[in-house]
Amino acid sequence: MTYWLSYVALGGFAGILAGLLGVGGGLVIVPILTFLFTAQQLPAAYILHLALGTSLATIMFTSVSSMRAHHGRKAVDWGVVRRITPGILAGTFLGSWLASHLSTGFLKGFFVAFLYYVALQMLLDIKPKAQRQLPGTVGTSGVGSLIGGVSSLVGIGGGTMTVPFLLWCNVPMRNAIGTSAAVGFPIAFAGAVGYAVNGLAATALPSFSIGFVYLPALAGVACASFATAPLGAKLAHTLPVPRLKKFFALLLVAMATKMLVSLL
């Protein structure tokens, strides 16, 4: 029960952050689930696999709310979503299959490097300049496969890569964010299914898990984050978001450093 309450608290925190700062909850969910699963003494060989798979499964539910909100504001370019989704699905499935064959140590190192990258991007407020138009179906789908593959290895909805790509291709910021929110669903769906299926052959997984998706954590995080995301969106109109993003970046650095120390 104590750990389930921790999952609920984590979901509430991740939901507020997602609504307030427009960042994917996976950046927070994965490292904190890693800490919680370690404290629960879940199988050490699969701790990060479980954190990644469970994170993607939670995003599958919460991304629907975000996608509907952006669609209601006509901020989703569904033409881009259709072109990029085949690559997203293929890359994410492939990434989850690859992750099932990688060690927790390697996955943790890859995740730490990604956290440092995102934190630096936020601290320096790096935004790509629009330099070209969107590629055709094959090119867009190819980029989608890369975004999906990396997203599946770090358990996120891909916004930290999808938005910069769309901005680089002259898509307005409002539409880039809305379209990225819609793209987050196929990433989360393919990732959750991939981790669940590829984890079925693993032995000594905890009870109440489907492959690498741990259901108690999924229930607690998904329910709470779904409920608190609208609160975060309201707070975004009253709080100093740019300054809070800097603090969030420092939080990412702290979590990445803690995970790095555990590797040494």
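Which residues touch the most other members of the largest nonpolar core? They are Tyr7, Leu33, Phe37, Phe114 and Leu252, and the core they belong to has 53 residues. A nonpolar core here is a set of buried Ala, Val, Leu, Ile, Met, Phe, Trp, Tyr and Cys residues joined through side-chain atoms within 4.5 Å. Buried means under 20% relative accessible area, exposed means over 50%, and partly exposed lies in between (1.4 Å probe, protein chains only).

Before going on, a word about the model. It is predicted, so local features need pLDDT of at least 70 and side-chain atom pairs count only at pLDDT 80 or more, while totals for chains, interfaces and linings use all residues. Residues are numbered from 1 along each chain as its sequence is written, and side-chain values use heavy atoms, leaving out hydrogens and water.

**The whole chain**

The protein chain holds 10 helices and 2 strands. Both kinds of element are DSSP runs numbered from the N terminus: helices are H or I with at least four residues, strands E with at least two. Following the sequence, the pattern reads α-α-α-α-α-α-α-α-β-β-α-α. The radius of gyration, taken over C-alpha atoms, is compared with a globule rule of 2.2 Å times the number of residues to the power 0.38. For 264 residues a compact globule would come out near 18 Å, and the protein chain, at 17 Å, agrees. Its C-alpha trace spans about 50 × 40 × 35 Å along the principal axes. Of the 264 residues, 50% are buried.

**The cores**

Let's return to the largest core. Helix α5 (residues 104-123) gives it its largest share, 8 residues. A second, separate core has 9 residues, including Ala188, Ala192, Val213 and Leu218. In soluble globular proteins, nonpolar side chains tend to be buried together. Phe37 shows what membership of the largest core looks like: leaving aside residues up to four places away in sequence, Phe37 touches Tyr7, Leu42, Ile47, Leu50, Ala51, Tyr214 and Ala217. Touching, or contact, means heavy atoms within 4.5 Å.

**Helix α6**

Helix α6 (residues 137-154) has 18 residues and reaches 26 Å from its first C-alpha to its last, close to the expected 26 Å. That expected span is 1.5 Å times one less than the number of residues. Among the buried residues of α6 are Thr140, Gly144, Ile147 and Val154. Their cover includes α2 (26-39), α3 (47-72) and α4 (78-100), along with α5, α7 (159-168) and α8 (173-198). Just after α6 comes Gly155, with a positive phi near 70°.

**Four residues to compare**

| Residue | Relative accessible area | Class |
|---|---|---|
| Cys169 | 3% | buried |
| Ser63 | 6% | buried |
| Ile126 | 46% | partly exposed |
| Cys223 | 58% | exposed |

Two of these residues are cysteines, and a search of the whole structure finds 0 disulfides (pairs of cysteine sulfur atoms within 2.5 Å). Ser63 sits in helix α3. Not counting residues up to four places away in sequence, Ser63 touches Ala181, Gly184 and Phe185. Ile126, by contrast, is found in the loop between α5 and α6. With the same kind of neighbours left out, Ile126 touches Leu120 and Gln121. Ile126 and Pro164 are 38 residues apart in sequence, and their C-alpha atoms are 9.2 Å apart in space.
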